[in-house]
Each structure stands twice: as C-alpha cells, then as structure tokens.
Amino acid sequence: MELTFKVVRLWWIEINCKFLLRNVNQMTWQDWEREDGVNRTVNISQVISSSNESEAVVTAAKIRRGYSRLERLEANLRRVRATIREARNGNQTQDSDYVPTGPMYWNAKSFHRSYLEMEKHFKVFVYGEGEPPLFHNGPCKSIYSMEGNFIHMMEINNQFRTRDPEKAHVFFLPFSVTMLVRFVYARDSKDFTPIRKTVVDYIDTISEKYPFWNRSLGADHFMLACHDWGPETSFSVPYLYKHSIRVLCNANTSEGFNPSKDVSFPEVNLQTGYINGFVGGPSPSRRSILAFFAGGVHGPIRPVLLEHWENKDEEMKVHQYLPGGVSYYDMLRNSKFCICPSGYEVASPRIVEALYTGCVPVLISDHYVPPFSDVLNWKSFSVEVSVEDIPNLKTILTSISRRQYIRMQRRGVQVRRHFEVNNPPKRYDVFNMILHSVWLRRLNVRVREE
C-alpha cells in the first residue's frame, strides 16, 4: 500500500507526514529543510533590510535573545531526520545486541539508525495528574495486558522518561481505557457519556495547568489503548482524535485509524503476566499440521471460516472448541500456519501467539493495519488472505512452496523479538518498538510557539 503524504497546517503547528520508513525511497529530504524555513546564518543587517519591518524587529529580537528550548529541540530533530536519510545508502551500523537485516524490514538500515537515534535523544513526559485505578494503572494479565504493561514500564523508565516537560518530545496521557470501562462505564447501559466526560475533564486539567496541549493542539501527545473501545474513547476530544498520536491495538482504517499519524501495536494475551513458557517451538520439519485455528464465534469473519473448514479436512485443524485433552499451545507449536481471523474488532492476540511459537500467521481481516507496519514488511513473514478467499484457504496455503514456507517461518522467528514482552524491557522488544513508532510520528510533527 502506497501512502500519500501531504502537509497540513494547523495554526502554528505543521504536521508533515512523509517520514515513515516504509516510504523512505519516496522522500524528498530537501523538502524538510524548505518546510522548516529557518535560516540559522541570518544576520542583523539582513533582517533589518526586510520589507516587512515589524517581522524584522521580531526576528532581530529573537536572534538577540537566542533560540528557545523548543526551537533547539526542533533543530535537533531536523538533524536526526538528515541522519536517518543518510543511513539508507550508507554502511550498516554495528550493534552488539542486534542488527536488523533482511526483507522483513522495509528499510533495515534506516530503521536501525532511527532506533539508535531514538535511544540517544527521545524523551517522554508522563503527566502526573490523575489517580489509580483509572490513571497510571492498567491490566497486566489479560487480553488487554499491553495497556497496563506499557503504562507501568513507562512510569518507571529512566531512559526515555523525563521529569522536565521542556525537554520532552512527546507527552503521554496515562489513562487506561480498560480501567475506564471497568470502573466508569455502567455495564450494559450503552451510555458512553461517563467515559467521555472523564477524558474531557482530564484534557481540560492538563491543558489548564501546562501550556503543551494548547501549544500543539495535541499533536505531540499520545494515548495508548488495547481495549476495543480505544478509538471511541479518543472521539471524546476532537483534537485527541484528529491530531494526537493514537497508539491502538484496534487499528481499523474504516474506523478512522490513520497510519501516517496513529500507531498499531500488538494485542498480547499475557495469561500469567509473563511470556516464560510461551515462546519457542519445533523446527519446520517437525510440524505435521498444515493449519490451525480454535476460537469463539464472534464478528463477521469467524462464522465464515468455521462454515467452510470446521471438521472438514484433516490437514486443516479448525475448531470452535478444542477436543478434551488437546493443548492449544501444542497445536500452535505443531502447525505450519496459524489462522488469525478478526473477531468483533480487527486485532487478534493469535498473531503474537503464532509468532511466539514459530507458526506462520495467516491474517484474515478487513481494514486492519498490522503492528509496526511502518517498519515491518508483513508479507515477508505472514500470509494475508481476504475474507472472500476463505473457501480457497487450503489451496492458497498448499501453493506456498516448502522453500518459501521455511523462509517465512525463519523470518517470523527473527522478528519475534519485536513482539516479546520483557520486564525490564530489552532493546528492540515490544515496549521499545511502541516507543519507536511514536518517535517516528513525532519526527513527522513540527511544533512552533505562537
């Protein structure tokens, strides 16, 4: 999918969405310099000879007083963009932990340089307002565990978190949609007003206490939600939906998800709070099952899958309920392909479960943007099947040669590190990949003082 990028001017904020690494070959990097429109070598005599005398006085005053902290921060981001651009055609940077390489990445060199630049520069300010359980808190042992996991790791992080908001590139809104649903929403009421009011009140509080939300109209702020109602929650505040970086599991373009501004991150079902015992599986030659799925019937896609394949073919192990005594994770580990259909919402924890166990994910969904698609080329290590092609699913999978399957499986094992949940976080794991995706979106935003 080719993205079309354009500059959107919002008062004194300019959002330039042409920096996703997937599209690095289409970038016109000189445009960044032209759009920045800053001449650091200008002198007083040049300014005073300006045809606009009032503008000249203001600019001269700025030069005399020096540049603000925001201007210096933005200047540093310009240098970072140039560094990443140069990495595309340069030598591979060495790294003692991991060097991204291979077709799993749209541009491995650019990604690696961007990640290293993030580690050197990126700073996040976490708003301290709000009390648990709605704020600074979240689930860590459920299908929505990434909400609580990220909030917790961000709160205790010493590398990226800054206590000085003037040094921050982005500002994190630490509310948990899962907790809002649990404690604010009246079950079965179908009344979203209490959740909406809570978010509105929170934005009002931080915008009155700090200048940063109003300065950027929310463009350098981000929220994170794995609950299905994450997108709906963002609609509570128009600027939160339109301008802010929304980090969502439910990355559905038909519901307003914007890949150039928003971030898709994986849904991970941490049943015990840890991934110990869930990662790893046999080699491709020891996997006897062609394809596997087991799960409840909800949403429009799964009934179609079950109608065509449940108990219809010995090579296609498709079940609504597993037979007694059969281990779900053993089935994953013994399967070549793991079918990952959307349910009520587009995201599914089965994608990560497949990658964890060395099974090639088969994505069946409509309007879904897979996690970290700005960096990862999903077609190199997964299979995408349209809903219309579900009747042909076995034909599609058996048409993949053994050689190609082994390549895809090995690539999936290599990128698995980007989906692993670690405590404390490790470089290139899911926590750091979420931050990297936010970092990329921040590189697409230029904030100016009024």
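Is Y202 buried or exposed in this predicted model? Y202 is buried, its relative accessible area being 5%. The legends below begin with an overview and return to this residue in the second view.

**Figure 1. Overview of the predicted chain.** The chain comprises 17 helices and 13 strands. Of its 450 residues, 57% are buried. Among contacts between residues at least 6 apart in sequence, 70% join residues at least 24 apart. The structure contains 29 aromatic pairs, and several of the following views show rings.

**Figure 2. The stacked pair of F135 and Y202.** The two rings lie 4.5 Å apart, centre to centre, with 20° between their planes. F135 belongs to the loop between β3 (124-126) and α6 (145-156), and Y202 to helix α8 (residues 193-209), so the pair ties together parts 67 residues apart in sequence. F135 counts as buried because its relative accessibility is 9%; Y202, with a relative accessible area of 5%, is buried as well. The loop between β3 and α6 also holds P133, and the peptide bond leading from P132 to P133 is cis, with omega near 10°.

**Figure 3. The tilted pair of F278 and Y329.** Here the ring centres are 4.9 Å apart and the planes make an angle of 55°. F278 lies in the loop between β7 (263-264) and β8 (289-294), whereas Y329 is part of helix α13 (residues 328-333); the pair therefore ties together parts that are 51 residues apart in sequence. Both F278 and Y329 are buried.

**Figure 4. An aromatic cluster that includes Y98 and Y428.** Y98, Y105, F111, Y115 and Y428 form one cluster. The charged end of R417 sits over the ring of Y98, at 3.9 Å from the ring centre. Y428 is located in the loop between α16 and α17 and counts as buried because its relative accessibility is 0%. Its backbone has a positive phi of about 70°, although Y428 is not a glycine. The loop between α16 (402-415) and α17 also contains P424, which follows a cis peptide bond from N423, with omega near 5°. For context, most residues other than glycine have a negative phi, and most peptide bonds are trans.

**Figure 5. Strand β8 and its parallel partners β9 and β10.** Strand β8 is mostly covered, with 6 of its 6 residues buried. Its pairing with strand β10 (residues 335-341) is parallel and runs over 3 bridges; in β10, F337 is the bridge partner of A291. With strand β9 (residues 316-319), β8 pairs in the parallel sense over 4 bridges, and H319 in β9 is the bridge partner of A294. The chain passes from β8 through helix α12 (residues 302-309) to β9 in a right-handed β-α-β crossover.

**Figure 6. The open sheet of 5 strands and helix α17.** The strand order is β3-β4-β5-β6-β7, with parallel pairing. Because β3 and β7 stand at the edges, each with a single partner strand, one side of each is left without a neighbour in the sheet. Strand β6 (residues 245-248) pairs with β7 in the parallel sense over 2 bridges, and V247 stands opposite V263 in β7. Helix α17 (residues 430-443) packs on this sheet and touches β3, β4 (170-172), β5 (221-225), β6 and β7. The direction of α17 makes about 155° with that of β6.

**Figure 7. L217 in the loop before β5.** L217 lies in the loop between α9 (212-216) and β5. Its phi is positive, at about 55°, although L217 is not a glycine. L217 counts as buried because its relative accessibility is 11%.

**Figure 8. The surroundings of V184.** V184 is placed in the loop between α7 (177-183) and α8. With a relative accessible area of 21%, V184 is partly exposed. Apart from neighbours within four places in sequence, V184 is in contact with L134, M179, P194, I195 and T198. The C-alpha atoms of V184 and P194 are separated by 6.1 Å, the two residues being 10 apart along the chain.

**Figure 9. K120 in helix α5.** K120 is located in helix α5 (residues 108-121) and counts as exposed because its relative accessibility is 54%. K120 and Q159 are 39 residues apart in sequence, and their C-alpha atoms are 9.1 Å apart in space.

How values were computed: Residues are numbered from 1 along each chain as its sequence is written. This is a predicted model: local features need pLDDT of at least 70, side-chain atom pairs count only at pLDDT 80 or more; totals for chains, interfaces and linings use all residues. Side-chain values use heavy atoms; hydrogens and water are left out. Buried means under 20% relative accessible area, exposed over 50%, partly exposed in between (1.4 Å probe, protein chains only). Rings of Phe, Tyr and Trp (its six-membered ring) pair if their centres lie within 6.5 Å; planes under 30 degrees apart count as stacked, over 60 as edge-to-face and the rest as tilted. A charge sits over a ring if NZ of Lys or CZ of Arg is within 6 Å of the ring centre and within 35 degrees of the ring normal. Two strands pair if DSSP finds at least two bridges between them. A crossover is right-handed if, with the strands pointing away from the viewer, the path from the first strand over the helix to the second runs clockwise. Contact means heavy atoms within 4.5 Å. Axes are lines fitted to C-alpha atoms, for helices over the stretch in contact, and angles run from 0 to 180 degrees between N-to-C directions.
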